[in-house]
Amino acid sequence: LNDILDFSKIEAGKMDVEAVPFDLDQVLDTVATMVGHRAAEKGLALILDVAPDVPRRLIGDSLRLSQVLINLVNNAVKFTDKGYIQILLAGDAKSDGGIDLSVHVRDTGIGMTQEQKAKLFQAFVQADGSTTRKYGGTGLGLAISRRLVELMGGAIDVTSDVGAGSDFHFTLGLGVLSNELPAVHAGLTPLLILVEHPLERRAIARLAETLGLRFET
């Protein structure tokens, strides 16, 4: 019902986007909280991988960014039975002091054919009838995500192959409120942890780099 209401507002030109300060870590925490349990129930790794140089205090519409990410990750979980879901964020600094935030949501799910991709972002349309019967859903989530990304000045696309997963990706131009990275508390003692998945190792290493920690993998 919420999807239908949102789509109706977008179609009527009544959906507004904001440009207000927000914390990127809080957005990602919201996404992980909303969809993490579904990934865990299916035994999927949910990996948040943020490049160390991406500012955390940004200016944009955090609610709509969260909505797009939740839609994409929920979709990835739905069509993935084993493996992982990866949220990958990187950024390119702009001359006006802002940033082009590049976002990828990758999965190891069922993937799609070229024909299925061609109609993917249409309203009330899923890959095909068998997909609807097996996985359910209205076919609105991706249509709404595309419209929201476009309202925020970006564009969304997907690369995918049958049986080899999908990669939904978009780039948004955002303002930067602060380039300060989180402070590290003094007196930290050496810590040894076991992380089996190579992408999780990379994500943790990048987080350690963001925090200014010395690390080995």
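Modeller: Start with one rule: two strands pair if DSSP finds at least two bridges between them. Here, strand 6 and strand 7 are joined by six bridges and run antiparallel. The model is predicted: local features need pLDDT of at least 70, side-chain atom pairs count only at pLDDT 80 or more, and totals for chains, interfaces and linings use all residues. Residues are numbered from 1 along each chain as its sequence is written, and side-chain values use heavy atoms, with hydrogens and water left out.

Biologist: How many helices and strands does the protein chain have?

Modeller: Helices (H or I, at least four residues) and strands (E, at least two) are DSSP runs, numbered from the N terminus. The protein chain has seven helices and seven strands. Read from the N terminus, the order is α-β-α-β-β-α-β-β-α-α-α-β-β-α.

Biologist: Back to strand 6 and strand 7. Which residue of strand 7 is the bridge partner of threonine 159?

Modeller: Aspartate 167 is the bridge partner of threonine 159. Five residues lie between the two strands of this hairpin. Look there for glycine 163, which has a positive phi near 75°. Another glycine to find is glycine 153, just after helix 6, with a positive phi of about 90°.

Biologist: Which side chains of strand 6 are buried, and which are not?

Modeller: First the scale. Buried means under 20% relative accessible area, exposed means over 50%, and partly exposed is in between (1.4 Å probe, protein chains only). Strand 6, residues 155–160, alternates. Ile156, Val158 and Ser160 point to one face and are buried. Ala155, Asp157 and Thr159 point to the other face and are not buried.

Biologist: What share of the protein chain is buried?

Modeller: Of the 217 residues in the protein chain, 43% are buried. Helix 6, residues 141–151, has several, including Leu142, Ile144, Leu148 and Val149. The outside is read by area. Accessible areas come from the Shrake-Rupley method with a 1.4 Å probe; for residues, only the protein chains shown count as cover. The protein chain exposes about 11,900 Å², and carbon and sulfur atoms supply 53% of that area.

Biologist: Which residues have the most contacts inside the largest nonpolar core?

Modeller: A nonpolar core is a set of buried Ala, Val, Leu, Ile, Met, Phe, Trp, Tyr and Cys residues joined through side-chain atoms within 4.5 Å. The largest one here has 44 residues, and Leu69 and Phe170 have the most contacts inside it. Helix 2 (24–41), helix 3 (62–78), strand 4 (84–93), strand 5, helix 6, strand 6 and strand 7 each give two or more residues to this core. Helix 3 gives the most, with eight residues.

Biologist: What does leucine 69 touch?

Modeller: Contact means heavy atoms within 4.5 Å. Leaving out residues up to four places away in sequence, leucine 69 touches Val27, Leu28, Val31, Ile87, Val103, Val105 and Phe170. Now take the whole protein chain. Among its contacts with a separation of 6 or more, 73% join residues 24 or more positions apart.

Biologist: How many salt bridges does a search of the whole structure find?

Modeller: A salt bridge is a side-chain nitrogen of Lys or Arg within 4 Å of a carboxyl oxygen of Asp or Glu. The search finds seven. Take aspartate 49 and arginine 206, whose closest N and O atoms are 2.5 Å apart. Aspartate 49 is in strand 2 (residues 45–50) and arginine 206 is in helix 7 (residues 198–210), so this pair ties together parts 157 residues apart in sequence. Aspartate 49 is buried at 0% relative accessibility. Arginine 206 is buried too, at 18%.

Biologist: What about lysine 94: buried or exposed?

Modeller: Neither word fits: lysine 94 is partly exposed, at 31%. Its salt bridge partner is aspartate 100, at 4.0 Å, N to O. Aspartate 100 is partly exposed, at 29%.

Biologist: Which parts does the salt bridge of aspartate 167 and arginine 106 tie together?

Modeller: The two side chains meet at 3.0 Å, N to O. Aspartate 167 is in strand 7 (residues 166–178) and arginine 106 is in strand 5 (residues 99–107), so the pair ties together parts 61 residues apart in sequence. Aspartate 167 is buried at 12%, while arginine 106 is partly exposed at 28%. In another place, salt bridges with shared partners join Asp49, Arg202 and Arg206 into one network.

Biologist: Which residues does aspartate 167 touch?

Modeller: Beyond four places away in sequence, aspartate 167 touches His104, Val105, Arg106, Asp157, Val158 and Thr159.
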